[in-house]
Amino acid sequence: MSDKSLSTEHRGQPPIWRALKERLFLLVCLGSTGFGLLALAALTYGLVSEGWSVLSWDFITAFPSRFADKAGIYAALVGTLWLMVITAFFTVPLGVGTAIYLEEFAAKSRITRLIQVNITNLAGVPSIVYGLLGLAIFVRTMHLGRSLLAGALTMSLLILPVVITSAQEALRAVPHTYREASLAVGATRWETVRNHVLPQALPGMLTGIILGLSRAIGETAPLITIGALGYVAGLPRGPLDSFTVMPIQIYNWASMPQKEFHADAAGAILVLMAVLILFNGTAIYMRQVARKRLGS
Amino acid sequence: MAIASGLTKKRHAKERLVRAVTLLCALVSIVTTVGIVYVLVSESIGFFMEVSPWEFFTGTRWTPLLEPKSFGVLPLLNGTMMIAVGAGIIAVPTGLLIAVHLSEYAAQRTRRVVKPLLELLAGVPTIVYGFFALTFVTPLLRSFIPELPVFNALSAMIVVGIMILPMVSSLSEDALAAVPKDLREGALALGATKGEVIRGVVIPGALSGVMSAFILALARAVGETMAVTLAAGATAKMTLDPTESVQTMSAYIVQVSLGDTPQGTLEYQTIFAVGLTLFMLTLTMNLLANRLVTRFRQRYV
């Protein structure tokens, strides 16, 4: 079919016209890539020019304030750290456990396929829907209120598909010979996995965990839905305390009418982006370690 | 011998235990799905007892928080689709052309630099896009359209378009790369130029994969929340004018969550009915995309 359209489209076209079209097409493609890079440049420029001036040590160590020039991100930064630690506590064993089951134990049955398809679909569920789930189950049914724990449980479910999928990929990258050698000398499946497969897959799994957590760092909507928005005076001291996180602090400042608070929001975004770049840099480094180790 | 068999027994018990524990982990994801459906449906039932589904799905006025109350979801659906389609108009052609450039034309070195840079755009939190729309894109647009309000659909479309751009380009790139080499070589041997091969053979050959990338990206745009909440505002209305302020389904859920609507009231239940609509919409799109991509993979195995 395509061949036909080729021959009819170009029959009788002068070579110059075809050469010109060729150039033009390449130019349009180049322009598109240029557009993407330009968008990145504009984003960086917009944020840095707005937020650079507020960045200082005081900005990082100060609590939120009614006065834009005295406000800081300390409570939000500490809250984000807490939320990440508790989220990792739930999501890492769940994600790795699921991946081990699917890759190492499960037979290729209908149920395995159902679980797999289900994970793919969960990855496409909008984050705000997870927020509604968290609101109904963790906040109200389990009476956790607007606590760190409720937020972390919601976030764990949200990033679980990402963590599972990349842990599966990490397990799949370990050559079969490792497993066969271990099974051949009489190890059980779990012994094989624990002693030979997991150590090899570890850097790859860490990459996925870090990528999942970096998604959770930037999420705002599910936390707003479970009611985490609002003025929080102190730092959380335990998982049942109320909290605030970086994206919510940014949202608060961004929705203020005063320009000065917008600068604070941009400053907080720069700090958030720095943390994210650090996270992603680590993930990329881990991935390289994983590739080197498995010799591919 | 007795010791050995005791050890074996213990090892096998451990084996079974680990198997059971990991299976339980795997079931958590099933429970999550069941939980989402259960919560959305059970909370919506109360709502649909008061407001008929007919009124909800065909009504063109959405004023659940103001008298006279009206519960027609179409304005929210309209706002959601308008921003998703607008974002798609920006991201789909651009993303496909970026994919063509990177996979067919660009030198290995360029690719290695450009690809991670573009992927940075996908890692930026959506709240950042919202802020960018509010403080950079809208003021910029205002220098061309002076009467543009602070909250408008256009700047939301632009930032959501930028946000889904890397997704479109990297998924399309995978699809383009999956088209077998002999098809390209065949066309080249017939005298087609490189551009003709790409437009006439590679893109049509990768079409279902590319379509699936588009749908996935649109589904992402439909579910997007913070960027549209900050950029497009909170006025639910039936309009196709991108210079007006609109409200999306997700932005409405945020609006109610921010306010102090008492639990158990009809107003409070609206967010679950809207959430259910949003969930069904994105689920349909994702299932469709998965079907397309499965069919696409089968074609070239």
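So, a salt bridge here means a side-chain nitrogen of Lys or Arg within 4 Å of a carboxyl oxygen of Asp or Glu. Keep that in mind, and keep in mind that this is a predicted model.

Here's the pair I'd like to show you: A:R140 and B:E43, whose closest N and O atoms sit 2.9 Å apart, so they make a salt bridge under that cut-off. In total, three salt bridges are counted between chain B and chain A. On top of that, the rule picks up 17 residue pairs in polar contact across this interface, both partners being at pLDDT 80 or more. Who supplies the chain B side? Helix α1, residues 2-50, gives the most, with 19 residues touching chain A. Sorted by class, that side of chain B has 46 nonpolar, 23 polar and eight charged residues.

Okay, the interface as a whole. We have 77 residues of chain B in contact with 76 of chain A. The two chains bury about 6,900 Å² between them, and 75% of that is on carbon and sulfur atoms. In chain B, the residues losing the most area to chain A are B:R11, B:E15 and B:F131, together 9% of what that side buries.

Now chain B by itself. It has 12 helices and two strands, and along the sequence you read α-α-β-β and then a run of helices to the end. Its radius of gyration is 25 Å, where a compact globule of 301 residues would come out near 19 Å. The C-alpha trace spans about 75 × 75 × 35 Å along the principal axes. Still, 52% of the 301 residues count as buried. And for contacts in chain B with a separation of 6 or more, 71% come from residues 24 or more positions apart.

Terms used
Residues are numbered from 1 along each chain as its sequence is written. Chains are lettered from A and ligands numbered from 1 in the order in which they are written. This is a predicted model: local features need pLDDT of at least 70, side-chain atom pairs count only at pLDDT 80 or more; totals for chains, interfaces and linings use all residues. Side-chain values use heavy atoms; hydrogens and water are left out. Contact means heavy atoms within 4.5 Å. Buried area is the accessible area (1.4 Å probe) that two parts lose on being put together, summed over both. A polar contact is a pair of N or O atoms within 3.5 Å; within protein, one must be able to donate a hydrogen and the other to accept it, and residues adjacent in sequence count only if both atoms are side-chain atoms. Helices (H or I, at least four residues) and strands (E, at least two) are DSSP runs, numbered from the N terminus. Ala, Val, Leu, Ile, Met, Phe, Trp, Tyr, Cys and Pro count as nonpolar, Asp, Glu, Lys and Arg as charged, and the others, Gly among them, as polar. The radius of gyration is taken over C-alpha atoms; the globule rule is 2.2 Å times the number of residues to the power 0.38. Buried means under 20% relative accessible area, exposed over 50%, partly exposed in between (1.4 Å probe, protein chains only).
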